[in-house]
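Morning, everyone. I will go through one structure today, starting with its salt bridges and ending with a few backbone details.

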Number of protein chains: 2
Amino acid sequence: MGVGGLDAFFNPKSIAVVGVSRHPDKIGRVIYDRLMSNRRQGVLKSEIYPVNPELRELYGNRVFSSLSEINDEVDLVVIALPAPQVPQTILEAGKNGARAAIVVSGGFSEVGNDQLTESLRRAIKLSGMRVLGPNTVGVMDAYTGVNTFFTREVKAFSDGRSAQSFIFPSRGSISIVSQSGALAHYVLDTLGERGAGVRAVACVGNQIDVSIPELLSYFASDALTSVVAVYVEGVSGGRELLNRFLELRRNGKQIVVLKAGRTLVGRRTAYTHTASMVGEWEAHVGAFKQAGAIVVDNVKELADVSLALSLQKPPRGRRLAILTNAGGFSVIASDLAQASGLEVIPLPESSIEKLEWLKSEGRIPSVSVTTNPVDLSGSADSAAFEEAYRVVSESGVFDMHLLMPFHVPPMMDEGVVSRLAGIARISGATVVGCDTGDTEWSVTMRALMVRNGIPAYKDMEDAIRVLTLISDIFTPSRESFPIYEARSSEALEPIPRAHLLELVSEHGIQVAREEVVSTGDEAVEAAERIGYPVVMKISSERIVHKTDVGGVQLGITDRAQVLRAFNKLRGIAEKLGVRECGVVVQETVQGIELILGSKVDETFGPTVTVGIGGVLTEVIRDFVTFVSPVQDDEAEEMLTRLRFSGLLNGFRGYPPVDRKALRKIIVNFSKILVENPSIAQLEINPLMAYGGRIVAVDVRGWRYSL
Amino acid sequence: MGVGGLDAFFNPKSIAVVGVSRHPDKIGRVIYDRLMSNRRQGVLKSEIYPVNPELRELYGNRVFSSLSEINDEVDLVVIALPAPQVPQTILEAGKNGARAAIVVSGGFSEVGNDQLTESLRRAIKLSGMRVLGPNTVGVMDAYTGVNTFFTREVKAFSDGRSAQSFIFPSRGSISIVSQSGALAHYVLDTLGERGAGVRAVACVGNQIDVSIPELLSYFASDALTSVVAVYVEGVSGGRELLNRFLELRRNGKQIVVLKAGRTLVGRRTAYTHTASMVGEWEAHVGAFKQAGAIVVDNVKELADVSLALSLQKPPRGRRLAILTNAGGFSVIASDLAQASGLEVIPLPESSIEKLEWLKSEGRIPSVSVTTNPVDLSGSADSAAFEEAYRVVSESGVFDMHLLMPFHVPPMMDEGVVSRLAGIARISGATVVGCDTGDTEWSVTMRALMVRNGIPAYKDMEDAIRVLTLISDIFTPSRESFPIYEARSSEALEPIPRAHLLELVSEHGIQVAREEVVSTGDEAVEAAERIGYPVVMKISSERIVHKTDVGGVQLGITDRAQVLRAFNKLRGIAEKLGVRECGVVVQETVQGIELILGSKVDETFGPTVTVGIGGVLTEVIRDFVTFVSPVQDDEAEEMLTRLRFSGLLNGFRGYPPVDRKALRKIIVNFSKILVENPSIAQLEINPLMAYGGRIVAVDVRGWRYSL
């Protein structure tokens, strides 16, 4: 028995289908027919019981008028009835000892029928069963033959001809958990086209009971699963999901996620820069990556990456070798790879010598290009491909190999695949293949590659996109994410500056030397204590974009300027309706401008964000968000993921940033919201980094007002 | 007779194939066989003459021992002989009155055989013929049946079974000009898979005579061509190519270009920021877009965009309506579209009302989502799709429609395509379709859409990528690009600052007020004339990154600071080995920091670059390069193409930039290198824009030293 009784969905001893119709097109009947067909083919071992009070017999088999009539223990009940009949059927199934039910029927909260949803929820509780759905196509298990997908494999055109309209993939090690039936079909179809097999598919529908995290946990302990592809729209209990990702990774499985809702914005009011820029999507992507998942942009990538990871290990690095017999391909592939951040490094001298020797011996074509990409030309045959690939592979300097034996040149036969696969298997590198075209020949070439353990793609850009994505997987070291208790209060108030500075200092983050003054003379005294040049700014939590209103005066170098600046700032504050506000006199801090934010996310609770600061912050939007509190290795990962992380290596005369010190600051900062549940949003902006001296120049924070 | 005698390649009265072998696998024979087969099928009308001195007869037809033996005017000679025999054959062909030759043979400069290339060149000149190649697969004309592609359409597996390995697409309006045979095959195959037809293909090989620009000109006046897909590796005579693009656009054709060599860097030394960042690739992309072409990233896009433009007009704007019967698809498609900059705007209220009325009448499913995306749910049939699409289309507010009738739900039949196509045809919008899957059914659905004028794709992301690319086409207003005489000299020397400032001022670009001083007292006087605060900087052309070495002092507000700054700058200059250098005292200019550069590009001659300036210039690399001199509409296009062009609308308290004034500056600046052929590189950095006040703060320039 698997996790939380979920085994009954995938490997039931017996299945009852409630709502089997006499009409062959009705959903219950389609499901029943497919299950019976799988049984006839010997794939499915479970007993199948059709239920319909209005039928006596189907294909010579008895149809039961109710569940209670069945004289057998029914493990799994599949319900395809009008929505109003579902709760009663669940109760009945529970009474008859069923362990699980799949509610295919729609018509619940997805169409606003919350009352019926509530009554279904109560029925499930009373029944003690585990329920998948409602409003779902259910599950498909390629090994046990359980399949409730009511998808026709053949459809008729209006002229009467019929054509295959869907193919269930063969057996493999990819499990799919999806919040959309259509998306699951799309992934299955794409995997099928790639020649990839699947382990099982589960579509969660409205998730009234069985949830995505539970299914992930199920596949985490499933020996047949090596990769889990996940499609999520909304997530409730974000940290629970992350913990299941960790469990999967701990058990050696890879995770590929497509998250919908990319263009949604956060629902809560944003008071800080980071809060305004880190929406729901950014938080999800960051958290998923932190938990070791690969986040993809579209369905094709979901399928493509899953295929690759079901056959190959992720690469150790980004150094790519390209081998082809088509010059144009080598140019374009090399372009695409480098534009994606892969490294098309040169072949070692010794390998070039070996290839040149092969040339001189006539074992590879004399016109072969012996750099990387290696282009053997259209006159290369399979033997030449093998010879050249052995040299490339044995060089040992590449993390990935992209093999593109283009099938069009006359010398190229399909024997090349097994020759290459033999070398690929012992290469220690991550190997993917590509052969373009939609002819039977190219489809066969790709299928052959997949059968020989080489994930194969039709388009170069897909192969390269896959290599890019799988060379960027974070391996979490943490056991779990602590669960966070969400607060319901929405009203926020600013935290006084003094308190913020104290909070930050207590967490080992150095704050720029500053004093708050209320007269010009005090300002001069403060400036002289701090040392010129100083910065002066309005001290009010109510003015967020101080720079925009002229509320920050830089490069003040003497007494006269201090007095002028003081009066100017007071004047600006008064114009904005802030009377008698204090003025901050602060040391001038130079360095690379960063920004560090923290906020309570709707889904994941406290999160921490690091980004590139400065006037262009909002324009370049270079941020990474992880779930708080972060560890040292996670802080390093955040910095690596910044698009412009190169800035940290030194920039325009600034020395390289002390990464260890910066990581420590991120780690410590990420604890503040966790330790202080009253704080909702917090931001250091800018955080100035000059080598090892990393200083918070300004801090802002908001707390729940109740 | 077409452009420069090229008609003989595509529509010859007679064709001689020289090098027809008795072996059916040899190239000359494959070509002959295909031409004969096209003749038998009645596609090809030309006479075909096989030539081989060692053969008498083939299929009962006479084989000629030489070209001179043929008693007919031979228009086109196809040569598939060993390279050394080619020049002689060209001479002979010329003597016999042939107008054109395709040299399929390789073994010339692509393998370093420059001597043979030279002798071929001489032979061509003497012969007076037009020659395509050498080292090319030649041409394929879907209308006349001329086809020298020596690609097998069927290949045998090693077990003896054989399979289709290549399919020539049907007739259509896409012409392809390619510098690589493999790439041309890839494009043809992808177009074939999409159900798209082609007009003709020409592969230029080593381009010894017939060049890409000439072929473009040929297709520009070809009535059957509506789109030209171009693959270019290297370009010589860049402006000639651009002028052919203009000609194509003027004649109503669209251009889609894939340029190889993305990761190449410029070959000349870069002295300015822009010169260092604008490499060969960036200049090509900018110039191609300026000439009205769409530049794509990979081969699939080359095929996908060509297909779209052969069936649909480019959209007027970016407002997209999405219509589907799969909820998951609508979410993902909407995500992808918005992430690509398309606008998934809401349906107008009146359209929502109409859809709700259709619901209440039972003409569309009651669970339909009546926002944009419109999701009709899996229970929608073709009639419902038609009803809903009519409402969406008649709303008139969308520039593009993405139709995704997913074929898997049982109610959906192929009749939906003709229903939708009828509405699409009169919609005035750009319409593309998508149906996922590789089954016969989905392939048929997509082919049906294409046949009904709706470009159709398997993956949503491809459909959306196409819409994004075709909603971003520049329509040039210029007639031509003036041809630029290249300079060979490479050695550069800095242009004195005074001369640069004069040059810029003469072109109507305001320069920040400044004076160059050589003593501290002079500096104070200058500062007082200019008005505090001032900026002071080292005045030396030899120090490029002045900020990095502390050579720029900002915010100097009184006499004492001026003197301190003067001594400091002198000290820094001396440390860098620049003795007794002048110091610039300059007014403080505020605004949005831009950068304006100009350099002589290897391919296109003088170019102009506009970009986002400031300390992060090199990090964000937001630049657009066009060919000089630019016109007002082109300057506007450059600004629009900046990734962070939003900055120009006002930013952090700075008012919106006066675009008209900025355009005028770009236009004037772009003339400088054209009018002064001695200047190689020029840069204004920063160009500060504060509303309508746009001021050059620093100017640098290098000229040819000889």
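A salt bridge here means a side-chain nitrogen of Lys or Arg within 4 Å of a carboxyl oxygen of Asp or Glu. With that rule, a search of the whole structure gives 85 salt bridges over all chains. Please keep in mind that this is a predicted model.

Take one example. A:Asp141 and A:Arg199 are joined by a salt bridge through their side chains, at 2.9 Å from N to O. This pair links distant parts of the chain, since the two residues are 58 residues apart. A:Asp141 sits in strand β8 of chain A, residues 139-141, and A:Arg199 sits in strand β12 of chain A, residues 198-203.

Next, the interface. How many salt bridges does the rule find across the interface of chain A and chain B? It finds 2. In one salt bridge between the chains, A:Asp462 pairs with B:Lys300, and the closest N and O atoms are 3.8 Å apart. Polar contacts across this interface come to 27 residue pairs, both residues being at pLDDT 80 or more.

On the chain A side, helix α11, residues 327-339, gives the most to the surface touching chain B, with 8 residues. By class, that side of chain A has 34 nonpolar, 23 polar and 22 charged residues.

As for size, the accessible area lost when the parts come together is often the figure given for an interface. Between chain A and chain B, the buried area is about 6,700 Å², and carbon and sulfur atoms give 61% of it. Three residues, A:Tyr186, A:Trp441 and A:Arg652, supply 11% of the area that chain A buries against chain B, more than any other three residues. Counted by contact, chain A puts in 79 residues and chain B puts in 80 residues.

Now a pair of helices inside chain A. Helix α6, residues 212-220, packs against helix α7, residues 238-250, at an angle of about 10°, and their axes are 9 Å apart. Angles under 35 degrees count as roughly parallel, so α6(A) and α7(A) are roughly parallel to each other. Residues from α6(A) in the contact include A:Leu216 and A:Phe219, and those from α7(A) include A:Leu241 and A:Phe245. Sorted by class, this contact has 8 nonpolar, 1 polar and 3 charged residues.

Last, the backbone. Most residues other than glycine have a negative phi, and most peptide bonds are trans. Here are some exceptions.

A:Tyr59 is not a glycine, yet has a positive phi of about 50°. A:Tyr59 lies in the loop between β3 and β4 of chain A.

The peptide bond from A:Gly133 to A:Pro134 is cis, with omega near -5°. A:Pro134 belongs to the loop between β7 and β8 of chain A.

In chain B, the bond from B:Ser628 to B:Pro629 is also cis, with omega near -10°. You will find B:Pro629 in the loop between β30 and α21 of chain B.

Conventions:
Residues numbered from 1 in each chain as written. Chains lettered and ligands numbered in written order. Predicted model: local features only at pLDDT ≥ 70, side-chain atom pairs only at ≥ 80, totals over all residues. Heavy atoms only, no water. Axes fitted to C-alpha atoms, helices over the stretch in contact; angles between N-to-C directions. Helix = DSSP H or I, 4+ residues; strand = E, 2+ residues; numbered from the N terminus. Parallel < 35°, antiparallel > 145°, perpendicular 65-115°, else oblique. Contact = heavy atoms within 4.5 Å. Nonpolar A, V, L, I, M, F, W, Y, C, P; charged D, E, K, R; others polar. Buried area = accessible area lost by both parts, 1.4 Å probe. Polar contact = N/O pair within 3.5 Å; in protein donor to acceptor, adjacent residues only side chain to side chain.
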